[in-house]
Amino acid sequence: MASLASPPVPSHAPTTAARFLPAPAGRGRRPSPPAASPIFSSASTRFTQSPRAPCGAARPRRRDTVRACSQAGAAGPAPLSKTLSDLKDSCWRFLRPHTIRGTALGSTALVARALLENPQLIDWRLVFKALYGLVALICGNGYIVGINQIYDIGIDKVNKPYLPIAAGDLSVQSAWLLVVAFAVVGFSIVVSNFGPFITSLYCLGLFLGTIYSVPPFRLKRYPVAAFLIIATVRGFLLNFGVYYATRAALGLTFQWSSPVAFITCFVTVFALVIAITKDLPDVEGDRKFQISTLATKLGVRNIAFLGSGLLLANYVVAIVVPFLIPQAFRSFVMVPFHAALAVALIFQTWVLEQAKYSKDAISQYYRFIWNLFYAEYIFFPLI
């Protein structure tokens, strides 16, 4: 009965003797270890499963183990670092970088042009004011593209699954916080630095961006209204507003110059082309959600030709203008530059035709349109 109530207590003499026995020589069969008590079972198992390594071999193995552990610990970023990195990536995609580049290049080109026209008035202290203005424009841009993504989640899951809200990388609540922050920061900068007129233009841009996306207006459903909003905000308001603000900062009243009038008209037409062609990659989702666009009504091929045709007409005008107003433009810059862009556009349209208007070819064509847009602003101060 005693044996059923508790395990037998092992004899300690064999264990003690075994502990102090000298290690067996390398030759001959190794004797089986004696039974150990439960208290020392883990230790005895550890020593009996593997022979004792020579002293010289144990140290390198330990160093290798430490090295492996340190490499494993450094293999991936810390959770906080990864979270911050993912958040930064989501916010950057939320801002739609291609639109940010257009806004930054456009505002920089207009400021540079105003300074080149009045070099005697350049005051480097105004650089900070120009940077404030750029931040305000980027905030306005972020508000417009951000609120559009909030109300286009279902469509973006089909057309643009890489956008952060559609991909699940950014919550709707976080997106709203970003959108409200962009609007508040941008408005505050403009109110405190650029006066009531520029503030009213800025608010007009935010209002147009809102009714473009937000129900019950959601004017993006109507092709003509959508085109006019994009052309007005991206074309007229940006160019006119930045040039007006720059001249005001220089202490000058507003006055159109021929190059600024040209770029404002040119980019307004260009923004109209962007508004037309932006729907080309989105035909599938627009049809699914019953969004009426020219691309869904007339077909991808016809809209691509329409966009290319309008841009070619724009380039023809740009080539002719320096001959009509030679005192205002450098023809040796205007003519070859716009001719080269026109040829590149014709070639890209041909590539799209040869690709049978596949989704990848359409996306490449649309990116090329934006690259032409950037190029115009890059060369604008030189014309």
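Leaving aside its neighbours within four places in sequence, which residues is R218 in contact with? Keep that question in mind while we look at the whole chain, and remember as you go that this is a predicted model.

Start with the overall picture. The protein chain has 18 helices and zero strands, so helices and the loops between them will be our landmarks. Of its 383 residues, 40% count as buried. The accessible surface comes to about 21800 Å², and 67% of that belongs to carbon and sulfur atoms. Among the contacts with a separation of 6 or more, 75% are between residues 24 or more positions apart.

Now back to our opening question. R218 sits in the loop between α11 and α12, and at 11% relative accessibility R218 counts as buried. Its contacts, setting aside residues within four places in sequence, are Y151, D152, I155, I211, Y212, S213 and I291. Look along the loop between α11 (195-213) and α12 (223-249) and you will also find P216. The peptide bond leading from P215 to P216 is cis, with omega near 5°. That deserves a second look, because most peptide bonds are trans.

Next, move to helix α14 (residues 283-288), where D286 has its place. D286 is buried yet has no salt bridge. The nearest side chain of opposite charge belongs to K220, and it is 6.2 Å away. Why is there no salt bridge between D286 and K220? A salt bridge needs the nitrogen and the carboxyl oxygen within 4 Å, so a separation of 6.2 Å is outside the cut-off. The residues that D286 does touch, not counting those up to four places away in sequence, are I155, N159, D279, I291, T293 and T296. Two of these names lead to other parts of our tour: I155 and I291 are also among the contacts of R218.

Salt bridges make a good next stop. Side chains of opposite charge can pair when their charged atoms come close. In this structure the count comes to ten salt bridges. One of them joins D282 and K160, at 2.7 Å from N to O. D282 lies in the loop between α13 (258-277) and α14, while K160 lies in the loop between α8 (153-159) and α9 (164-167), so the pair ties together parts that are 122 residues apart in sequence. Is this pair buried or exposed? D282 is buried at 7% relative accessibility, and K160 is buried at 15%.

Another salt bridge links K278 and D279, at 2.9 Å from N to O. K278 counts as buried at 18% relative accessibility, and D279 counts as buried at 8%. Elsewhere, salt bridges that share partners join D89, R93 and D169 into one network.

For a salt bridge in another setting, find R125 and D123, whose closest N and O atoms are 2.9 Å apart. Here R125 is exposed, with a relative accessible area of 67%, whereas D123 is partly exposed at 27%. Between these two in the numbering comes W124, in the loop between α6 (97-117) and α7 (126-150). W124 is exposed, with a relative accessible area of 66%. W124 belongs to a nonpolar patch on the surface, together with I122, V127, F128, L131 and Y132, and the patch has about 650 Å² of accessible area.

Two backbone details are worth finding too. Most residues other than glycine have a negative phi. R96, in the loop between α5 (79-94) and α6, has a positive phi of about 55° although it is not a glycine. K356, in the loop between α17 and α18 (359-379), has a positive phi near 60°. Their surroundings contrast: R96 is buried, with a relative accessible area of 14%, but K356 counts as exposed at 69%.

Finally, visit the helices on either side of that last loop. V333 lies in helix α17 (residues 331-354) and is buried, with a relative accessible area of 15%. Leaving aside neighbours within four places in sequence, V333 is in contact with L382 and I383. The C-alpha atoms of V333 and F379 are separated by 8.7 Å, although these residues are 46 apart along the chain. In helix α18 you will find D360, which is exposed at 64% relative accessibility. D360 and P281 are 79 residues apart in sequence, and their C-alpha atoms are 8.6 Å apart in space.

Notes:
Residues are numbered from 1 along each chain as its sequence is written. This is a predicted model: local features need pLDDT of at least 70, side-chain atom pairs count only at pLDDT 80 or more; totals for chains, interfaces and linings use all residues. Side-chain values use heavy atoms; hydrogens and water are left out. Helices (H or I, at least four residues) and strands (E, at least two) are DSSP runs, numbered from the N terminus. Buried means under 20% relative accessible area, exposed over 50%, partly exposed in between (1.4 Å probe, protein chains only). Contact means heavy atoms within 4.5 Å. Patches are made of residues with over 30% relative accessible area and no salt bridge: like charges are joined within 9 Å, nonpolar side chains (Val, Leu, Ile, Met, Phe, Trp, Tyr) within 5 Å. Accessible areas come from the Shrake-Rupley method with a 1.4 Å probe; for residues, only the protein chains shown count as cover. Lys and Arg count as positive and Asp and Glu as negative; His and the chain ends are not counted.
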